[in-house]
Amino acid sequence: MHAITLTEFGPPEVMQWTEVPDLRPAQGQVIVDVAAAGVNRADLMQRQGFYPPPPGASETLGLECSGIISELGDGVHGWRVGDRVCALLAGGGYAEQVAVPSTQLFPVPRGLDLHAAAALPEVASTVWSNLVMYGGLRSGHTVLLHGGGSGIGTHAIQVAKAMGATVAVTAGSTAKLDFCASLGADILINYKEQDFVEELPDGADLILDNMGAKYLERNVNALAMDGTLITIGMQGGVKGELNFGALLGKRGTIHAAGLRGRPETGPSSKADIVADMTKRLWPMIEEGVVAPIIHAELPITEAAEAHRLLDADAIGKVILRIS
């Protein structure tokens, strides 16, 4: 089979579509013939040498894909060869085939194109596990989403609105803010011109943050009483200064969580997240209340251009068509 390999760490051009050994499923795994793979910022970081895969995971880029099951490993139940699926991965998506634990499979939502389904697993799992399963998102909450025009942001807007929340977003362009408004965002904040703390005088019950250190102080100041700051990225640095007095004054909580390194099964596992999403989120997608937002779809041989697009002004997801 073929997969994207790295000649070295560096710019997009280090990615090459080359022949690699075929895969066989381990206990509890299936082989998926990949139709498309989603592109995520974590892929860009791994390509640059800043985000190695967890122990035992594939070295190939790609944290989500869609495709068709072609082989079942021992101990797999509830799935059949020929099933259309999308999958949450620890790696391996930029390839013609991927081996994935069956507990990390989703059925392709009814009515959704197989390739478009590749845009769902990573962003949906990130949003659902943090805002809903951990943060307890509910009707009446005010939610602040940094990077509202991103894949995670465009998905989170839809989920939060579907659950009755007021949604505030930050973005750096009018085009991105206008698109966020079209998805239902209520409060639009251009972070180049406005201070999000000032724009939220009553604070936010939940903040989903991709910046880390750079926004730490202002995020705490933007919390409502009993609010929760959830950090999922470190684009603004890894070390910041925390004013415990301000946090105590808000009775606030700071939570930081990754997805890729979670265990396959057990407490706080990928299996738990996938099961909860399949039960509660997938009906929203099948009803059209929540939909994948795709900026561009490129062939796998143009993976370098896909990375450049995501790193520029993409609104929503970029996906790579493999078959």
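**Helix α2 and its neighbours**

Okay, let's start with two helices: the axes of α2 and α3 come within 9 Å of each other, and they cross at roughly 50°. Before I go on, keep in mind that this is a predicted model. So, at that angle, how do we describe α2 and α3? They're oblique to each other, because angles that are neither under 35 degrees, nor over 145, nor from 65 to 115 count as oblique. The crossing of α2 past α3 is right-handed.

Who's touching whom there? On the α2 side we have Val123, Ala124, Thr126, Val127, Trp128, Leu131 and Val132, and on the α3 side Gly151, Ile152, His155, Ala156 and Val159. If you sort the residues of this α2 with α3 contact by type, you get 9 nonpolar, 3 polar and no charged.

Now, α2 has another partner, helix α8, which covers residues 270-280. These two pack at about 85°, with axes 10 Å apart, and that makes α2 roughly perpendicular to α8. From α2, the contact uses Ala124, Ser125, Trp128, Ser129, Val132 and Met133; from α8, it uses Asp272, Ile273, Asp276, Met277 and Arg280. How many charged residues are in the contact of α2 with α8? There are 3, alongside 6 nonpolar and 2 polar.

Right, on to the sheet. It's an open one with 6 strands, all in parallel pairing, and the order reads β10-β9-β8-β11-β12-β13. At the edges sit β10 (187-190) and β13 (253-256), each pairing on one side only. From one strand to the next, the twist averages 15°.

Let me zoom in on one pair. Strand β11, residues 204-209, and strand β12, residues 223-231, run in the parallel sense and share 5 bridges. In that pair, Ala204 stands opposite Leu223 of β12.

So where do our first two helices sit on this sheet? Helix α2, residues 121-134, lies across β8 (142-145), β11, β12 and β13, and runs at about 155° to β12. Helix α3, residues 151-162, packs on the sheet too, touching β8, β9 (166-171) and β11, with its direction at about 165° to that of β9.

Last thing: aromatic rings. Searching the whole structure turns up 2 aromatic pairs. One that I'd like to show you is Phe106 with Trp282: the ring centres are 4.5 Å apart and the planes are at 15°, so this pair is stacked. It links distant parts of the chain, since Phe106 belongs to strand β7 (residues 105-107) and Trp282 to helix α9 (residues 282-286), 176 residues apart.

That's my tour, thanks for listening!

Conventions. Residues are numbered from 1 along each chain as its sequence is written. This is a predicted model: local features need pLDDT of at least 70, side-chain atom pairs count only at pLDDT 80 or more; totals for chains, interfaces and linings use all residues. Side-chain values use heavy atoms; hydrogens and water are left out. Two strands pair if DSSP finds at least two bridges between them. Helices (H or I, at least four residues) and strands (E, at least two) are DSSP runs, numbered from the N terminus. Axes are lines fitted to C-alpha atoms, for helices over the stretch in contact, and angles run from 0 to 180 degrees between N-to-C directions. Contact means heavy atoms within 4.5 Å. A crossing is left-handed if the near helix is turned anticlockwise from the far one by less than a right angle, and right-handed if clockwise. Ala, Val, Leu, Ile, Met, Phe, Trp, Tyr, Cys and Pro count as nonpolar, Asp, Glu, Lys and Arg as charged, and the others, Gly among them, as polar. Rings of Phe, Tyr and Trp (its six-membered ring) pair if their centres lie within 6.5 Å; planes under 30 degrees apart count as stacked, over 60 as edge-to-face and the rest as tilted.
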